[in-house]
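Visitor: I would like to know how the descriptive terms for this model are arrived at. Please take them one by one.

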Amino acid sequence: MTSMLSAWQQAARDKLLWSYGYFQGRSIVLPRNFTELYALVISKLTSFAALPLPLLSFLALPIFGGTSTSFSLLVFYLSWSSLVFSHDPLSLEIYGTLAVRIIFFLLPALGFLAADIATPSLSKSAKAYGEKNLPLTVANGRLMKITGVAIFNVLLQVALQAVLEVLCTEFLHLRSILKVTVAVPLPWNLAKDILKGLALRGVLHYYIHRFLLHKYNIPLKTQHQRWQHSIQLPFSLVAAYDHPACFILSSFVPDFLPAYLFRYHVITWHLFVALTSLEKVFIYSGYAVLPSSIVLAGMARRTDAHFATASRKGQGFNFGHWGILDFVLGTSCQDTASVMDDLQDEAQKHRIEERATKAARGALDGVTEGRGSSGSEQEEEDEAPAGGDNYNDNEETAADDKDAQVKNESRASADARDEPAEQAPVKRRSGRRAPRKA
Ligand SMILES: [Zn+2]
């Protein structure tokens with residue numbers, strides 16, 4: 001018993017000594033002042049930013065191809081091999097995936113969102129369903145939540161990939177899920193792997209989305225409706241806005257399972273993630289003008305119709321991205337136009353109600369003005385928000401007419417159905433002005 005205790009003590013002492021020595025060794029590389037900390041952060045950031053460089057140079061090949069193609073290939077191979085020698089396989093895979101997801105999904109999606117918020121009139125004209133596609137239809141607080149959840153979900157899928165890799169290599173002592181080797185895949189093999197991956201991803205996404213998120217009455221369906229389908233028409237960031245469980249099932253599993261089954265090379269994986277990320281950015285964007293006017297625009301309109309049917313009618317159509325399975329299995333939305341008409345009617349009804357309220361308020365203001373000048377300040381605020389406080393009646397009328405003209409112009413670009421209703425505010429306004437001028 002005594003000998004066992006002493007052996008245990010000895011082992012504990014050895015472990016303690018080893019840990020002390022280990023931490024002493026590690027502490028040498030830790031920053032000791034602000035300059036060293038700054039240098040460490042910069043070196044980590046540059047190393048992180050360098051990870052997708054081989055992929056970017058690879059993607060640039062078709063653009064800057066021609067006579068320098070062999071040179072570009074050489075640059076690509078050299079930068080790739082230097083990365084493999086200077087990073088461990090796990091960091092290369094995980095940080096590379098993170099960088100690709102940020103560059104090809106988060107940044108463009110956030111850029112589109114910023115553009116929609118900064119220039120709504122310009123974005124409206126580029127969107128297929130005008131202002132209904134704009135993120136401004138979502139309240140500010142909710143927009144923050146959508147952005148936060150989307151960023152969280154993107155990071156979550158990268159973290160999950162890291163956990164799966166560590167589980168395989170460190171705990172189960174199996175080979176890594178993805179191949180990280182200096183030898184790069186040949187272009188033909190790479191293209192074949194990507195095509196097989198896209199096909200399998202499409203099938204997985206379709207069945208998971210249709211049955212687990214829309215058909216069976218399970219908590220996943222409720223959460224998918226409550227989160228993603230609380231939005232009537234999508235914008236790019238909505239592609240990653242869903243309950244984390246639904247998102248992992250419908251997005252990460254269809255992406256990662258083909259990579260696991262075909263044991264992708266890490267370069268193939270980064271390229272695959274870049275392509276699928278860009279696909280999501282475009283087909284959820286709501287933009288009518290897209291790089292590929294037939295394929296991507298068709299996919300985008302089908303995605304819009306999926307959101308419109310799911311949020312309004314509950315059951316939903318168009319579960320796949322490509323539309324092939326929907327067509328073959330009879331789940332494509334046959335009457336997208338009528339679904340959009342319904343949405344349009346609802347929006348129009350909403351606008352008419354809004355105008356009726358404004359008209360009632362305007363009439364009240366007019367009555368108050370007739371009695372005294374107390375209502376004029378309020379009206380000035382309502383009618384000419386950009387104007388100063390001390391303009392005279394003529395200026396006010398001119399500003400008002402300009403306001404009416406701008407509104408008319410913007411409404412003329414909207415659908416023709418709005419026309420009868422659009423005339424109302426102009427007539428009302430001129431009628432209301434008459435007693436004031438007299
Ligand atoms: Zn759905």
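Guide: The model is predicted. A good place to start is histidine 173, which counts as exposed because it has 7 C-beta neighbours inside 10 Å.

Visitor: Why is histidine 173 called exposed with 7 C-beta neighbours inside 10 Å?

Guide: The cut-off for exposed is 12 or fewer other C-beta atoms within 10 Å. Histidine 173 has 7, so it counts as exposed. The residue is found in the loop between H7 and H8. Its phi is positive, about 50°, although it is not a glycine.

Visitor: What makes asparagine 318 buried or exposed?

Guide: Asparagine 318 has 26 C-beta neighbours inside 10 Å. A residue is buried at 20 or more, so asparagine 318 counts as buried. Its place is in the loop between helix H12 (295-313) and helix H13 (324-328). Here too phi is positive in a residue other than glycine, with a value near 55°.

Visitor: How do you know which class proline 234 belongs to, buried or exposed?

Guide: Within 10 Å of proline 234 there are 25 other C-beta atoms. With the cut-off for buried at 20 or more, proline 234 is therefore buried. This proline lies in the loop between H9 and H10.

Visitor: Which residues is proline 234 in contact with, leaving aside its neighbours within four places in sequence?

Guide: They are Tyr284, Gly286, Thr303, Asp304 and Phe307. Asparagine 133 is 101 residues from proline 234 in sequence, while their C-alpha atoms are 6.6 Å apart in space.

Visitor: Why is alanine 199 called partly exposed?

Guide: Alanine 199 has 13 other C-beta atoms within 10 Å. Exposed stops at 12 and buried begins at 20, so a residue with 13 is partly exposed. Alanine 199 sits in helix H8. Its C-alpha atom is separated by 9.1 Å from that of proline 258, 59 residues apart along the chain.

Visitor: How much of the chain counts as buried?

Guide: Of its 438 residues, 27% count as buried. The secondary structure comes to 17 helices and zero strands. Among contacts with a separation of 6 or more, 67% are between residues 24 or more positions apart.

Visitor: Turning to helix pairs, why are H7 and H10 called oblique?

Guide: Helix H7 (residues 140-171) and helix H10 (residues 244-261) pack at about 55°, with their axes 10 Å apart. Roughly parallel needs an angle under 35 degrees, and roughly perpendicular begins at 65. The angle falls between those limits, and H7 and H10 are therefore oblique to each other. Their crossing is right-handed.

Visitor: Which residues make the contact of H7 with H10?

Guide: From H7 come Asn153, Leu156, Gln157, Leu160 and Gln161, and from H10 come Pro244, Phe247, Ile248, Ser251, Phe252 and Phe256. By class, this contact has seven nonpolar, four polar and no charged residues.

Visitor: What makes H8 and H9 roughly perpendicular?

Guide: The axes of helix H8 (residues 187-215) and helix H9 (residues 219-226) cross at roughly 90° and come within 6 Å. The range for roughly perpendicular is 65 to 115 degrees, and H8 and H9 therefore qualify. Leu212, Leu213 and His214 of H8 make the contact with Leu220, Lys221 and His224 of H9. The residues of this contact divide into three nonpolar, two polar and one charged.

Visitor: How do you know how H5 is oriented to H11, roughly parallel or roughly antiparallel?

Guide: The axes of helix H5 (residues 89-118) and helix H11 (residues 266-283) cross at roughly 20° and come within 9 Å. That makes H5 roughly parallel to H11, since the cut-off is under 35 degrees. H5 passes H11 in a right-handed crossing. Residues meeting there include Gly96, Val100 and Phe104 in H5 and His270, Ala274 and Ser277 in H11. The contact of H5 with H11 has 11 nonpolar, four polar and three charged residues.

Visitor: Which residues does UniProt list for "transmembrane region"?

Guide: The unreviewed UniProt entry lists residues 53-78 and 98-122. In the model, residues 98-122 are 96% helix and 0% strand, with the end C-alpha atoms 32 Å apart.

Definitions and conventions: Residues are numbered from 1 along each chain as its sequence is written. This is a predicted model: local features need pLDDT of at least 70, side-chain atom pairs count only at pLDDT 80 or more; totals for chains, interfaces and linings use all residues. Axes are lines fitted to C-alpha atoms, for helices over the stretch in contact, and angles run from 0 to 180 degrees between N-to-C directions. Helices (H or I, at least four residues) and strands (E, at least two) are DSSP runs, numbered from the N terminus. Angles under 35 degrees count as roughly parallel, over 145 as roughly antiparallel, 65 to 115 as roughly perpendicular and the rest as oblique. A crossing is left-handed if the near helix is turned anticlockwise from the far one by less than a right angle, and right-handed if clockwise. Two residues are in contact if their C-beta atoms, placed from the backbone, lie within 7 Å. Ala, Val, Leu, Ile, Met, Phe, Trp, Tyr, Cys and Pro count as nonpolar, Asp, Glu, Lys and Arg as charged, and the others, Gly among them, as polar. UniProt positions are given in the numbering used here, feature names are shortened, and annotations may be inferred rather than shown by experiment.
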